[in-house]
Structure formats: C-alpha cells, structure tokens
Amino acid sequence: MADTQITTGSCRCGQLRLSVRGAPLMTFACHCTGCQRMTASAFSLSAMYPEDAVTIEGETVPGGMRGELSHHFCPSCLSWVFTTAPVMGPMVNIRSTMLDGGPAQEPAFIECWTSEKLPWAETRAVHSFEGFPAPESFGPLMAAFAQSRG
Ligand SMILES: [Zn+2]
Ligand SMILES: [Zn+2]
C-alpha cells in the first residue's frame, strides 16, 4: 500500500533525520521573496504531511521571521528543514528536497506568491496563485492532488 510507504531524509549534515509515512497531502512551490532569501534560490519546495505521519529525530532551532509560521532549522548546518504553523493545524510542511527520492522528484502541484516570483522562474505546477490559496480551496486542491497521483 502506498499509504504505508516510509520516506526518509535528513538535513545537509545529517544531524537531523526525518521520516514520513505515506504520501504528502499537497506539494507547493512558494515564490515569495521571504522564501527566495531563506533558500538563496528562486522558490522553496514544500510537501505537507499530517503531523502524526512525520518523525523528526534531533533538535531544531528557529529561523526566518518569528511570526505566524515557525521555521525549523538544523542547529549545525542551518538547513531549513520544515515549517509548522497553528493556522495550518496539525500539519508539517517539510522542505521537499530533504526527503530522499521523495516528492521533489515531481513538480510541485501548486505554486503560490507568483506575484513576487522572479521573471524567469518556472515550476511546472498545475495550479498557480498570486498569493496564498484561500483556505476553502484547500479541500478541493488536496482531492485533485490525490487524484493526480493515481
Ligand atoms: Zn544539519
Ligand atoms: Zn514563501
């Protein structure tokens, strides 16, 4: 069963180890200027998992802005590993590139903050949003994502 598949991963140095069970609920590319700075790249990649499907081994340190979103970093290599937020509920947004052979192998299903994207940046996402998608659109988007994965 695909739902019980375990995907493992780590930060750049390996001090933080992660594992996730099953498929992500959603994958994102975020073009916002905050993600551009935190990644030193054109956009961040996230895979959203329910909290109870995620195991993190090792302590993290906070990074980024200390606002509504809690960005968790490895204290040694300072990789940005995952993000949590009360507004997201019991969800963990793992940076997709931390997972070995995981969701980063496919284009993100949605991209957000295209209003801030670099002119040349392309992600092949199926759905694009100028800002962040409205909360009520999440259910249908997750259903469409699950269906796209077969
Ligand atoms: Zn590390
Ligand atoms: Zn962003």
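**Zinc site, strands and nonpolar cores**

In this predicted model, the zinc ion (ligand 2) is held by three protein donors, the SG atoms of C30, C32 and C35, which lie 2.1 to 2.3 Å from the metal. Along the chain these donors follow the spacing C-x1-C-x2-C, and both C30 and C32 are buried.

Three strands form an open sheet in the order β1-β2-β5, with antiparallel pairing. Strands β1 (6-10) and β5 (54-57) stand at the edges and have a single partner strand each, so one side of each is left without a neighbour in the sheet. From one strand to the next, the twist averages 15°. The antiparallel pairing of β2 with β5 is made through 4 bridges, and within it S19 has T55 of β5 as its bridge partner.

Further antiparallel pairing involves β7, β8 and β9. Strand β7 (residues 70-73) is joined to β8 by 4 bridges in the antiparallel sense, and S70 stands opposite T84 of β8. The hairpin of these two strands, β7 and β8, has 6 residues between the strands, and L78 takes a positive phi near 65° there. Strands β8 and β9 also pair in the antiparallel sense, over 2 bridges, with F82 standing opposite I94 of β9. In the hairpin of β8 and β9, which likewise has 6 residues between the strands, a positive phi near 80° is taken by G89. Strand β8 itself is mostly covered, since 4 of its 5 residues are buried.

The largest nonpolar core comprises 14 residues, of which L18, V20, Y49, V54, V81, I94 and L99 touch the most other members. Two or more residues are given to this core by each of the elements β2 (17-21), β4 (44-50), β8 (80-84) and β9 (91-95). When neighbours within four places in sequence are left aside, I94 is in contact with L18, V20, L45, S46, A47, Y49, V54, V81, F82 and L99. The contacts of I94 therefore include F82, the residue that I94 stands opposite in the pairing of β8 with β9. Apart from the largest core lies another, of 9 residues, among them M26, F28, M48 and F109.

Aromatic pairs number 5 in the model. One of them, formed by F28 and F132, is stacked, with 6.0 Å centre to centre and 15° between the planes. Because F28 lies in strand β3 (residues 26-30) and F132 in the loop between β11 (127-128) and α2 (138-148), the pair ties together parts that are 104 residues apart in sequence. With a relative accessibility of 3%, F28 counts as buried, whereas F132, at 47%, counts as partly exposed. A second pair, of F109 and F145, is tilted, with 5.2 Å centre to centre and 50° between the planes. This pair also links distant parts of the chain, with F109 in the loop between β9 and β10 (110-112) and F145 in helix α2, 36 residues apart. Both partners fall under the 20% cut-off for burial: F109 counts as buried at 6% relative accessibility, and F145 counts as buried at 5%. In addition, F28, F132 and F138 form one aromatic cluster.

Methods. Residues are numbered from 1 along each chain as its sequence is written. Chains are lettered from A and ligands numbered from 1 in the order in which they are written. This is a predicted model: local features need pLDDT of at least 70, side-chain atom pairs count only at pLDDT 80 or more; totals for chains, interfaces and linings use all residues. Side-chain values use heavy atoms; hydrogens and water are left out. A nonpolar core is a set of buried Ala, Val, Leu, Ile, Met, Phe, Trp, Tyr and Cys residues joined through side-chain atoms within 4.5 Å. Buried means under 20% relative accessible area, exposed over 50%, partly exposed in between (1.4 Å probe, protein chains only). Contact means heavy atoms within 4.5 Å. Two strands pair if DSSP finds at least two bridges between them. Axes are lines fitted to C-alpha atoms, for helices over the stretch in contact, and angles run from 0 to 180 degrees between N-to-C directions. Donors are N, O and S atoms within 2.8 Å of the metal (3.2 Å for Na, K and Ca); water is not among the atoms, so sites may look incomplete. Rings of Phe, Tyr and Trp (its six-membered ring) pair if their centres lie within 6.5 Å; planes under 30 degrees apart count as stacked, over 60 as edge-to-face and the rest as tilted.
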